[in-house]
Amino acid sequence: MRGQVHLWAAQRVSAVFLAVAVFVHLATIMLAVRGGLSAAEIVARLRGAEGWLAFYAVFALAAGIHGAIGMRNIAGEWLGWRGRGFDALWLGIGLLTAGFGIRAAWGLYHA
Amino acid sequence: MAQLKVRIQRGDGMAEYGVAARENQTVLDVVTEIQREQQPDLAYRFACRVGMCGSCAMEVNGVARWTCRTHVRKVAEDGTLTLRPLANLPVIRDLATDMTPFFDKWARARGQFQPKDAPNGAVPAEFAVVPPSSPKRQEADAGIECIGCGVCYASCDVVSWNPDYLGPAAMNRAWTLVNDVRDGGRRERLDAVAGDAGCHSCHSTQGCTERCPKNLDPSSAIAGLKRSIFWGVLAR
Amino acid sequence: MRDRRHPAYWGFVLHRVSGIGLALFLPLHFWALGHAIQGEAALEGFLRFTDNWAFKAGEWGLVTLLALHLAGGLRVLALEFLGWRARQKDLVALSAGFALGAGLMFLLHAG
Ligand code: HEM
Ligand code: SF4
Ligand code: SF4
Ligand code: FES
């Protein structure tokens with residue numbers, strides 16, 4: 001029960017962060033897409049920028065966790081996948097996804 | 001006189017009846033007429049016939065309603081009524097459901113008042129004074145008129161996806177008690193409604209709020225429970 | 001048959017479907033950006049590869065999905081944390097309008 005409440009809380013807290021982060025993300029993309037995406041532009045913005053690295057790392061973590069908890073809820077309701085085993089599995093998927101994103105952010109930082 | 005086509009779920013099949021369409025008739029009138037004139041062994045439930053008891057609820061053309069307060073001309077589609085027993089509950093026979101799981105969940109959600117002053121059930125010496133204008137009183141008043149008809153429960157997807165889910169009515173009741181300043185069971189009650197079988201699985205789809213014939217708002221009550229638990233956990 | 005004929009229910013369905021879409025896309029997105037690990041040239045190559053109408057349409061769909069989900073998520077958070085009641089219906093309409101607006105804005109910028 002405690003665990004379920006914590007999952008819920010983690011999803012809502014990450015949602016609040018994502019709401020702000022997505023605004024920032026979309027705004028930068030909309031500026032960047034003008035005249036087409038280019039790797040040079042992306043890299044110029046992100047290379048060596050600790051601020052952006054931190055932002056994208058936390059963004060990836062929040063998105064990974066948030067999405068995995070959401071999929072956990074849907075799988076529980078629609079497929080009957082319930083219980084601690086499944087919870088651990090989804091949490092693992094969330095962290096793995098987040099790690100993937102942090103690796104990408106790290107790559108851009110060092111590009 | 002124009003005819004009304006009435007399809008009623010009986011056992012696994014649908015039975016079909018024809019009834020005279022009248023200017024003024026409720027869905028309950030129609031069911032009663034069918035039972036009296038055509039199908040004496042048709043099982044259904046009602047008591048007050050005026051929207052007080054909540055026992056006549058059924059699915060009318062796919063929507064849970066009090067049949068005694070539903071006019072046929074407002075809900076018939078192409079001169080047809082399709083009646084089924086209330087969803088999400090075991091069927092006893094025909095249109096009568098077994099409400100036991102519904103009320104068991106009220107108990108599980110700790111829907112009973114626990115007097116703060118008299119844990120042993122004794123009558124307190126003084127009347128409690130709860131000003132009607134106080135915010136908590138207003139929050140409790142907003143949900144207190146529930147008569148346990150089960151319409152909201154039958155309108156909730158989460159109940160059909162998770163049979164353990166407490167459902168809107170039980171949690172609406174819990175929320176009125178959480179706001180009752182005379183009650184001493186707040187902590188245990190919030191624990192009882194927490195988790196996947198409780199308020200944290202509600203998706204605010206508002207089927208309950210949309211359909212409650214008393215115009216109550218269980219969806220917002222459940223949101224209140226989530227809020228209290230969230231800030232309560234931080235404060236612990 | 002459960003009752004699914006009111007705006008808040010459609011709002012829930014849109015929010016859930018867009019959430020699933022996003023959760024499936026997220027790993028792909030990170031994989032794409034992960035090309036940067038192999039340097040700017042690899043990322044540029046990838047961006048050129050995606051610079052055609054099919055990917056443009058996909059991008060547009062994604063941003064719309066994100067905007068839809070964001071709007072629906074803010075609605076849920078407002079109901080849960082701020083205790084909004086009365087203007088629920090307007091909230092759903094507002095959310096849909098916002099999502100559409102964001103999608104169109106992206107289309108204009110991308111064009
Ligand atoms: C843009 C900021 C976002 C906000 C404000 C937000 C908000 C929310 C909220 C409040 C819920 C709970 C809904 C409920 O239980 O009824 C939710 C569910 C969900 N979210 Fe997000 N979210 C955001 C971004 C994302 C992202 C980026 C993803 C993809 C990884 C995602 C995937 C999901 C999924 C799969 C669900 C489950 C849907 C459901 O249970 O119906 N969300 N979101
Ligand atoms: S909340 Fe409304 S619909 Fe639900 S049981 Fe009470 S009176 Fe009936
Ligand atoms: S708002 Fe919550 S309790 Fe009410 S019908 Fe929707 S999921 Fe069920
Ligand atoms: S018969 Fe009592 S509410 Fe309908």
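This passage describes a metal site, a ligand shell and a helix in a predicted model.

The iron atom of ligand 1 is coordinated by two histidines. These are His66(A) and His69(C), each through its NE2 atom, at 2.0 Å. The pair crosses between chains. His66(A) belongs to helix H3 of chain A, residues 50-78. His69(C) belongs to helix H3 of chain C, residues 53-81. There are 6 donor atoms around this iron atom, and they subtend angles of 86 to 179 degrees. The arrangement is therefore octahedral. Ideal angles for six octahedral donors are 90 or 180 degrees. Both histidines fall under the 20% cut-off for burial. His66(A) is buried because its relative accessible area is 15%. His69(C) is buried as well, with a relative accessible area of 15%.

Ligand 3 has 13 residues around it. Those that come nearest are Cys156(B), Cys202(B), Thr205(B), Gln206(B) and Cys208(B). Two helices of chain B, H9 (207-211) and H10 (218-235), each supply at least two residues of the shell. By class, the shell around ligand 3 holds 7 nonpolar and 6 polar residues. Charged residues are absent from this shell.

Helix H7 of chain B spans residues 168-178 and is mostly covered. Of its 11 residues, 10 are buried. The buried stretch at the start of H7(B) includes Pro168(B), Ala169(B), Ala170(B), Met171(B) and Asn172(B). Ala174(B), Trp175(B), Thr176(B), Leu177(B) and Val178(B) are also buried.

Notes:
Residues numbered from 1 in each chain as written. Chains lettered and ligands numbered in written order. Predicted model: local features only at pLDDT ≥ 70, side-chain atom pairs only at ≥ 80, totals over all residues. Heavy atoms only, no water. Buried < 20%, exposed > 50% of the residue type's maximum accessible area, 1.4 Å probe, protein only. Helix = DSSP H or I, 4+ residues; strand = E, 2+ residues; numbered from the N terminus. Donors = N, O, S within 2.8 Å, 3.2 Å for Na, K, Ca; no water. Tetrahedral: all angles 85-135°; square planar, octahedral: opposite > 155°, others 65-115°. Near = heavy atom within 4 Å. Nonpolar A, V, L, I, M, F, W, Y, C, P; charged D, E, K, R; others polar.
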